[in-house]
Amino acid sequence: MKRLITLIIAIFIVIAATLFYVGVKTEDTFRGYIEKYDQTWKEKYDLSIRLVSYSKSLLSANAEFEIDVIDPATRKELAEVVKLPLRSKFKIQHGPVFINNGIHLGIAHVNSNISISDLVSEIYEQDFSEYVEDARISVDVDFGISGEVGTEIIIDGIDIYDKGSKNRFVFSPIKISLHSNNDTNPKAYKSSLKFDNLTVNL
């Protein structure tokens with residue numbers, strides 16, 4: 001009986017230690033991922049990306065990051081249309097085993113959902129709500145054991161309708177897939193954009 005209890009305690013200790021290690025590894029990986037893209041975006045696009053907060057528990061974590069425009073003149077113009085800095089919250093599920101979409105191994109699965117209306121500046125909030133049916137942007141990122149990173153971005157279908165002129169623009173959902181290594185630039189890129197219905201009345 002004592003051996004059985006000792007075995008059970010040992011198993012729990014191993015599981016707890018594994019989850020703790022994965023949680024620490026996940027945070028390091030996520031921070032490194034953000035820092036890498038911050039450097040790349042600053043050099044190529046004059047954009048900055050910054051991790052605002054990161055809080056973790058044994059099985060999961062919550063994070064928030066922000067994207068901003070560096071050039072003051074460009075930022076001033078864009079701020080009239082979109083809220084700057086752009087902020088997004090992420091839910092992070094620690095590995096090493098995931099059962100969503102089948103059983104697979106990985107360091108972490110990251111998910112974020114944001115409404116397009118949350119990105120619109122106060123100046124255009126009323127126009128947006130009047131003409132555009134709100135849509136959601138969902139982002140899923142999988143960090144693999146060997147450093148591979150798979151990202152899938154889906155933008156819901158967007159319906160823009162002017163009741164006065166009866167002009168209507170309908171965009172089907174947009175899906176973007178990226179595959180890369182955490183230490184390199186994306187090595188595979190795939191996206192799709194389809195118009196199911198596009199009507200313009202002149």
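# A chat about one predicted model

Student: Where is D46 found?

Tutor: D46 is found in the loop between α1 and β1. Keep in mind that this is a predicted model.

Student: What's odd about its phi angle?

Tutor: D46 has a positive phi of about 60°, although D46 is not a glycine.

Student: And is D46 buried, exposed or partly exposed?

Tutor: D46 counts as partly exposed, because its relative accessibility is 31%.

Student: What about Y45, where is that found?

Tutor: Y45 is found in helix α1. Y45 has a relative accessible area of 52%, so it is exposed. In space, the C-alpha atoms of Y45 and I70 are 9.2 Å apart, and in sequence the two residues are 25 apart.

Student: OK, zooming out. How many helices and strands are there in the chain?

Tutor: The protein chain has three helices and 14 strands.

Student: How much of it is buried?

Tutor: Of its 202 residues, 32% count as buried. The accessible surface of the chain is about 13,300 Å², and 59% of that belongs to carbon and sulfur atoms.

Student: How many of the contacts join residues far apart in sequence, say at least 24 apart?

Tutor: Among contacts between residues at least 6 apart in sequence, it's 47%.

Student: New topic: pockets. What's the volume of the largest one?

Tutor: The largest pocket has a volume of about 950 Å³. On the general idea, rolling a probe the size of a water molecule over the atoms shows where empty space is left.

Student: Which residues lie nearest the centre of that pocket?

Tutor: W41, F65, I67, V139 and I153 do, out of 34 residues that line the pocket.

Student: What kinds of residues make up the lining?

Tutor: The lining divides into 24 nonpolar residues, seven polar ones and three charged ones.

Student: Which element gives the most to it?

Tutor: That's α1, with nine residues. Several strands join in too: β2, β3, β6, β8, β9 and β12 each supply at least two residues of the lining.

Student: Now the charged stuff. How many salt bridges are there?

Tutor: The count comes to 10 salt bridges. In general, side chains of opposite charge can pair when their charged atoms come close.

Student: Which residue does E27 pair with?

Tutor: E27 forms a salt bridge with K56, and their closest N and O atoms are 2.7 Å apart. The pair links distant parts of the chain, as E27 is in helix α1 and K56 is in strand β1, 29 residues apart.

Student: Is E27 buried or exposed?

Tutor: E27 counts as buried, because its relative accessibility is 14%. K56 has 41%, so K56 counts as partly exposed.

Student: What about E66, who's the partner there?

Tutor: The side chains of E66 and R87 meet in a salt bridge, at 3.1 Å from N to O. E66 lies in strand β2 and R87 in strand β3, so the pair ties together parts that are 21 residues apart in sequence. E66 is buried at 12% relative accessible area, while R87 counts as partly exposed at 40% relative accessibility.

Student: And which residue does K175 bridge to?

Tutor: K175 forms a salt bridge with E152, with the closest N and O atoms 3.3 Å apart. K175 is in strand β12 and E152 is in strand β9, so the pair links distant parts of the chain, 23 residues apart. K175 is partly exposed with a relative accessible area of 38%, and E152 counts as partly exposed at 29% relative accessibility.

Student: Which residues are joined into one network?

Tutor: R50, E64, E66 and R87 are, through salt bridges that share partners.

Student: Switching again: where is D159 found?

Tutor: D159 is found in strand β10, residues 158–161. D159 is buried, with a relative accessible area of 17%.

Student: Which residues is D159 in contact with?

Tutor: Leaving aside neighbours within four places in sequence, D159 is in contact with Y131, V132, E133, R168, F169 and V170. For E133, which is 26 residues away along the chain, the C-alpha atoms are separated by 5.5 Å.

Student: Last one! Which kind of peptide bond runs from L84 to P85, cis or trans?

Tutor: The bond from L84 to P85 is cis, with omega near -5°. P85 lies in the loop between α2 and β3.

Notes:
Residues are numbered from 1 along each chain as its sequence is written. This is a predicted model: local features need pLDDT of at least 70, side-chain atom pairs count only at pLDDT 80 or more; totals for chains, interfaces and linings use all residues. Side-chain values use heavy atoms; hydrogens and water are left out. On a 1 Å grid over the protein atoms alone, a cavity is a set of points where a 1.4 Å probe fits but cannot get out, and a pocket is an open set with protein on both sides within 12 Å along at least five of seven lines; lining residues have an atom within 4 Å of a point. Grid points are joined across faces, edges and corners, and a volume is the space filled by probe spheres set on the points. Helices (H or I, at least four residues) and strands (E, at least two) are DSSP runs, numbered from the N terminus. Ala, Val, Leu, Ile, Met, Phe, Trp, Tyr, Cys and Pro count as nonpolar, Asp, Glu, Lys and Arg as charged, and the others, Gly among them, as polar. Buried means under 20% relative accessible area, exposed over 50%, partly exposed in between (1.4 Å probe, protein chains only). Contact means heavy atoms within 4.5 Å. Accessible areas come from the Shrake-Rupley method with a 1.4 Å probe; for residues, only the protein chains shown count as cover. A salt bridge is a side-chain nitrogen of Lys or Arg within 4 Å of a carboxyl oxygen of Asp or Glu.
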